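Please open the model in a viewer and keep the sequence alongside it. The tour below proceeds by selections, each followed by a short account of what is found there.

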Amino acid sequence: MNKDKIKSKLNEIEHPAIDNTLAELGIIKEIDIDDEVEITVAFPFAEIPIKKQLLSSITKALEEFDVNYDIKQTVMDEEEREEFMEKEKANWKEWLIILR
């Protein structure tokens with residue numbers, strides 16, 4: 001198992017609506033690789049409309065490596081959520097603004 005390649009792949013996953021990676025946004029919070037890949041993802045709120053899509057993008061990346069994995073889900077704390085919201089506001093993809 002190539003830990004560096006796995007971490008690099010996970011850190012490259014783009015958010016579909018915000019011009020940042022999930023790692024940059026704090027959604028991919030922790031990556032721990034031992035016998036399996038353990039990822040902690042933190043969402044700004046317990047239920048967000050694209051939660052399944054974000055989790056799917058993570059699992060799709062992991063399936064390229066044929067590894068066992070566990071994805072733990074949590075909710076961002078207030079400070080993390082504020083940082084996320086600032087990045088969301090600053091980096092919302094323009095084509096989505098036009099569609100609004």
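Which residue is the bridge partner of Ala 42 in strand 3? Select Ala 42 and look across to strand 3: the partner is Thr 74. Please note from the outset that this is a predicted model.

**The whole chain**

Display the complete chain as a cartoon. Four helices and three strands make up its secondary structure, and they follow one another along the sequence in the pattern α-β-β-α-β-α-α. The C-alpha trace spans about 45 × 25 × 20 Å along its principal axes. The radius of gyration is 14 Å, which agrees with the value near 13 Å expected for a compact globule of 100 residues. Buried residues account for 33% of the 100 residues in the chain. Of the contacts in the chain with a separation of 6 or more, 64% are between residues 24 or more positions apart.

**The sheet**

Next, select the three strands together. They form an open sheet in the order 1-2-3, with mixed pairing. Strand 1 and strand 3 are the edge strands, each pairing on one side only. From one strand to the next, the twist averages 15 degrees.

Now restrict the selection to residues 28-33 and 37-43, which are strand 1 and strand 2. The two strands pair in the antiparallel sense over five bridges, and a hairpin of three residues joins them. Within this pair, select Ile 31, which stands opposite Ile 39 in strand 2.

Is strand 2 mostly covered or mostly uncovered? Colour residues 37-43 by accessibility: the strand is mostly covered, six of its seven residues being buried.

Add residues 69-75, strand 3, to the view. Strand 2 pairs with strand 3 in the parallel sense over seven bridges; the pair Ala 42 and Thr 74, with which the tour began, belongs here.

**The helices beside the sheet**

Select residues 51-63, which form helix 2. Together with strand 2 and strand 3, helix 2 makes a right-handed β-α-β unit.

Then select helix 1, residues 3-11. Helix 1 lies across strand 1 and strand 2, and runs at about 165 degrees to strand 1.

**The loop between helix 1 and strand 1**

Proceed to His 15, which is placed in the loop between helix 1 and strand 1. Why does His 15 count as buried? Its relative accessible area is 5%, and the residue is therefore buried, the cut-off being under 20%. The side chain of His 15 reaches the backbone nitrogen of Ala 17 at 3.0 Å. Show the surroundings as sticks: beyond its neighbours within four places in sequence, His 15 is in contact with Asn 20, Thr 21, Leu 22, Leu 25, Ile 27, Ile 50, Leu 54 and Lys 93.

From this list, select Asn 20 next. Asn 20 is found in the loop between helix 1 and strand 1. With a relative accessibility of 10%, Asn 20 counts as buried. Which residue does the side chain of Asn 20 join through a polar contact? The partner is the side chain of Asn 91, at 2.9 Å. Not counting residues up to four places away in sequence, Asn 20 touches Glu 14, His 15, Leu 25, Lys 87 and Asn 91.

To finish, keep His 15 and Asn 20 selected together: the two residues are in contact with each other, and Leu 25 appears among the contacts of His 15 and among those of Asn 20.

Terms used. Residues numbered from 1 in each chain as written. Predicted model: local features only at pLDDT ≥ 70, side-chain atom pairs only at ≥ 80, totals over all residues. Heavy atoms only, no water. Buried < 20%, exposed > 50% of the residue type's maximum accessible area, 1.4 Å probe, protein only. Pairing = 2+ DSSP bridges. Right-handed = clockwise from strand over helix to strand, strands pointing away. Polar contact = N/O pair within 3.5 Å; in protein donor to acceptor, adjacent residues only side chain to side chain. Contact = heavy atoms within 4.5 Å. Axes fitted to C-alpha atoms, helices over the stretch in contact; angles between N-to-C directions. Rg over C-alpha atoms; globule rule 2.2 N^0.38 Å.
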